[in-house]
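Subject: Structure for you to look at

Hi,

Here is the structure I promised to pass on. Please open it alongside this message and have a look while you read.

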Amino acid sequence: WNLGAICSHDTRSLALLANTILGRKELHSNMSRPCKGDGLQAMAACYASLLDSIDGVDKEASGLKATPERAAKALQFCTSGYQQTLIEVIGDGIFDENHDEMVIVKDIDIFSLCEHHMAPFIGKAHVAYLPSGKVLGLSKVARVVEMYARRLQVQERLTRNIAEALIEAIHPAGVGVVIEAMHMCMVMRGVQKVNSKTVTSSMLGVFREDPRTREEFLSLIQH
């Protein structure tokens, strides 16, 4: 709003400006009021309140009566990675092994929630590392991906989280991670580009320093 552009005698414009400012203050005030309590019941109460705020929704319809509880359980599952740690996820899955060639686990399905709109993004992760005396159980690679994906995320950070976790766990000579994903916040709303994909990478150690290692990884995940 450009106050200088509003003439002093234009009471209608001034009233519109005042209502807009007050409306924004009320909106931010309401947004700052958290649902009371913790856990599943509080989340379900929040979902019930959300349904109440949507015009035309009959919360007592048979298909919606249990929706707040179902939605709360689904959100708890999709954010369960916050309750996990790297040590717990890997467990006893680290092994001494004299293997110095690249290990790749590719096409790992990922399902995560964008922290900006809490809309899903879905895709695949490709993870590689160059061992340095230790290898990680193959299923543990997928579980590390899963732990970080089950949090409110942005794809760039998710990619880096996975790479840094492998460095921390087994201290390899290097790690490469590539994620390809489709973001529902770009597909279902906003620009609505249904065929768009986002590709992110994180290269650490020799994967960053040695172009040949990086090119080998990128070539192998294309097959």
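Below are my notes on confidence, one helix and two buried side chains.

First, a word on confidence. This is a predicted model, with a mean pLDDT of 88 over the chain, and 83% of the residues reach 70 or more. Two stretches call for care. Over residues 1-9 the pLDDT is below 50, although this stretch still has 10 contacts in the model beyond near neighbours in sequence. Residues 26-32 also stay under 50, and there the model has zero contacts beyond four places in sequence. Where pLDDT is low, the predicted coordinates should not be read in detail.

Next, helix α3. This helix covers residues 67-78, 12 residues in total. From its first C-alpha to its last it reaches 16 Å, close to the 16 Å expected at 1.5 Å a residue. Pro68, Ala72 and Leu75 are buried in α3. Looking down the axis of α3, you will find its buried residues within an arc of 65°, so they line one face of the helix. The general rule behind such a pattern is that an α-helix has 3.6 residues a turn, so residues three or four places apart point the same way. As for partners, the buried residues of α3 pack against α2 (39-52) and β2 (103-114).

Strand β2 brings me to Ser112, which sits in that strand. Is Ser112 buried or exposed? With a relative accessibility of 4%, Ser112 counts as buried, because the cut-off for buried is under 20%. Its side chain has polar partners in the backbone: the oxygen of Ala149 is reached at 2.6 Å, and the backbone oxygen of Arg151 lies 3.3 Å from a polar atom of the Ser112 side chain. Leaving aside residues up to four places away in sequence, Ser112 touches Ala119, Pro120, Phe121, Ala149, Arg151 and Gln153.

The other side chain is Thr200, in strand β7 (residues 198-205). Thr200 counts as buried too, at 10% relative accessibility. Which side chain does the side chain of Thr200 meet in a polar contact? That partner is Gln155, at 3.0 Å. Gln155 is also among the residues that Thr200 touches, again not counting those up to four places away in sequence; the others are Glu156, Thr159, Val177, Val178 and Ile179.

Happy to talk any of this over once you have had a look.

Best wishes

Methods: Residues numbered from 1 in each chain as written. Predicted model: local features only at pLDDT ≥ 70, side-chain atom pairs only at ≥ 80, totals over all residues. Heavy atoms only, no water. Helix = DSSP H or I, 4+ residues; strand = E, 2+ residues; numbered from the N terminus. Expected span 1.5 Å × (residues − 1). Buried < 20%, exposed > 50% of the residue type's maximum accessible area, 1.4 Å probe, protein only. Arc of directions from axis to C-beta. Contact = heavy atoms within 4.5 Å. Polar contact = N/O pair within 3.5 Å; in protein donor to acceptor, adjacent residues only side chain to side chain. pLDDT = per-residue confidence, 0-100.
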